[in-house]
Amino acid sequence: MDVHLKGLTMAFDGHETASLFKRGSAPSKVIAVNNFSATIKSGEMVSLLGPSGCGKSTTLMLLAGLYRPTSGQIIFGGEDVTRIDAEKRGIGMVFQNYALYPHLTVRKNILFPLKMKKVPKAEANKKMEEMARLVQIEHLLDRKPGQLSGGQQQRVAIARALVKEPKLLLLDEPLSNLDARLRLEMREEIRRIQLKVGITAVFVTHDQEEAMSISDRIMLMRDGILQQECHPQEMYRKPVNIFAAEFIGSPPINMLDRDGQRVGVRPEHFTLSQEQDFFTGKISHLETIGRDTLIRVQSAENETVRTFVDGNTTLKIDDTCHLSVKPENIHRFNPATGERVGDA
């Protein structure tokens with residue numbers, strides 16, 4: 001099922017957001033989502049990405065029907081669902097806190113949506129068992145949530161969301177409560193499950209690494225406005241503005257002033273040179289990261305860049321370092337507008 005967002009805007013009155021501001025300083029309106037237009041194709045996994053307060057979770061709530069937009073339309077397939085209640089939209093939701101019923105077993109948690117829909121018992125049990133196998137928790141059906149790890153609880157939440165066969169799966173920062181290793185495992189599992197079921201899915205996250213690894217496309221937001229919408233690697237290789245360039249990538253892109261422009265170079269695109277080239281400075285920091293070493297180089301003008309060098313390097317603190325970069329790996333931006341200039 002394709003999902004179309006057309007000019008979607010969500011404005012909150014000042015009194016609704018007053019707790020976020022000091023007394024007397026709340027604006028009359030806060031625009032959480034501002035004229036957002038996009039299409040999510042059937043079977044796609046799309047990530048809504050951006051910093052806290054950018055409007056990504058509000059957009060998810062609009063899709064879910066938990067908020068009514070100030071203006072704009074939401075189209076599911078060919079149906080306008082803008083004013084349709086959440087329970088009639090055919091969505092499944094997975095939250096960061098799992099939202100499982102602690103007094104119910106895994107089996108009953110998964111069955112709960114089917115019980116509410118009054119699905120016949122035999123059919124409901126069959127669907128529940130299929131979902132349990134899909135998310136690999138069939139051996140945990142008689143346990144209660146308190147007896148499960150965080151990753152296992154998340155699998156139960158996914159099974160419960162999918163068992164009612166929704167048209168659209170919405171995931172609101174579902175991995176934020178897990179440790180780093182489990183986050184990696186679960187994002188791979190979420191992607192496997194989504195591809196297996198073939199469901200259209202929207203994944204909300206502030207973690208660019210998660211979005212890069214799990215998505216068919218990323219929609220990057222800032223201050224309620226869609227900044228860039230494309231395949232993850234395209235966003236990495238050709239950011240449309242300084243915000244996109246700096247938000248995507250770890251370690252972050254190096255930003256410098258050159259010839260009246262703001263230019264960016266990814267850490268992996270610098271190479272060591274034997275003579276003064278694009279950047280020259282002294283090494284101020286060395287950090288081993290697996291097989292590579294990350295160095296920080298500071299110029300006489302107090303500009304600093306980070307770059308990777310071979311882990312077997314003999315470089316040390318205070319060594320002078322010359323760095324070169326291919327022209328095609330230099331990202332150029334207008335310093336006044338922040339927008340990308342040219343193709344290189």
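**Ile190, the nonpolar cores and the largest pocket**

Student: In this predicted model, which residues does Ile190 touch, and what makes them contacts?

Tutor: Leaving aside residues up to four places away in sequence, Ile190 touches Met45, Ile158, Leu171, Pro174, Leu175, Phe203 and Ile214. A contact requires heavy atoms within 4.5 Å, so each of these residues counts as a contact of Ile190.

Student: Why is the set that includes Ile190 called a nonpolar core?

Tutor: A nonpolar core is built from buried residues of listed nonpolar types that are joined through side-chain atoms within 4.5 Å. The largest such core has 38 residues, and Ile110, Ile137, Ile158, Leu162, Leu169 and Ile190 have the most contacts inside it. Two or more residues come from each of H2, H3, H4, strand E7 (168–172), helix H5 (180–197) and strand E8 (200–205), with H4 giving the largest share, 6 residues. A second, separate core of 28 residues includes Val3, Ala38, Phe76 and Leu168.

Student: What makes residues of H2 buried, and which are they?

Tutor: Buried means under 20% relative accessible area, and in H2 the residues that qualify are Val106, Asn109, Ile110, Leu111, Pro113 and Leu114. Their cover includes helix H3 (121–134) and H4.

Student: How do you know which residues line the largest pocket?

Tutor: A lining residue has an atom within 4 Å of a pocket point. The largest pocket, with a volume of about 600 Å³, has 21 such residues, of which Ile91, Gly92, Met93, Pro113 and Lys164 are the closest to its centre. Strand E6 (91–94), helix H2 (106–116) and helix H4 (150–162) each give two or more residues to this lining.

Note on methods: Residues numbered from 1 in each chain as written. Predicted model: local features only at pLDDT ≥ 70, side-chain atom pairs only at ≥ 80, totals over all residues. Heavy atoms only, no water. 1 Å grid on protein atoms, 1.4 Å probe; cavity = no way out; pocket = protein on both sides within 12 Å on 5 of 7 lines; lining within 4 Å. Points joined across faces, edges and corners; volume = space filled by probe spheres on them. Helix = DSSP H or I, 4+ residues; strand = E, 2+ residues; numbered from the N terminus. Buried < 20%, exposed > 50% of the residue type's maximum accessible area, 1.4 Å probe, protein only.
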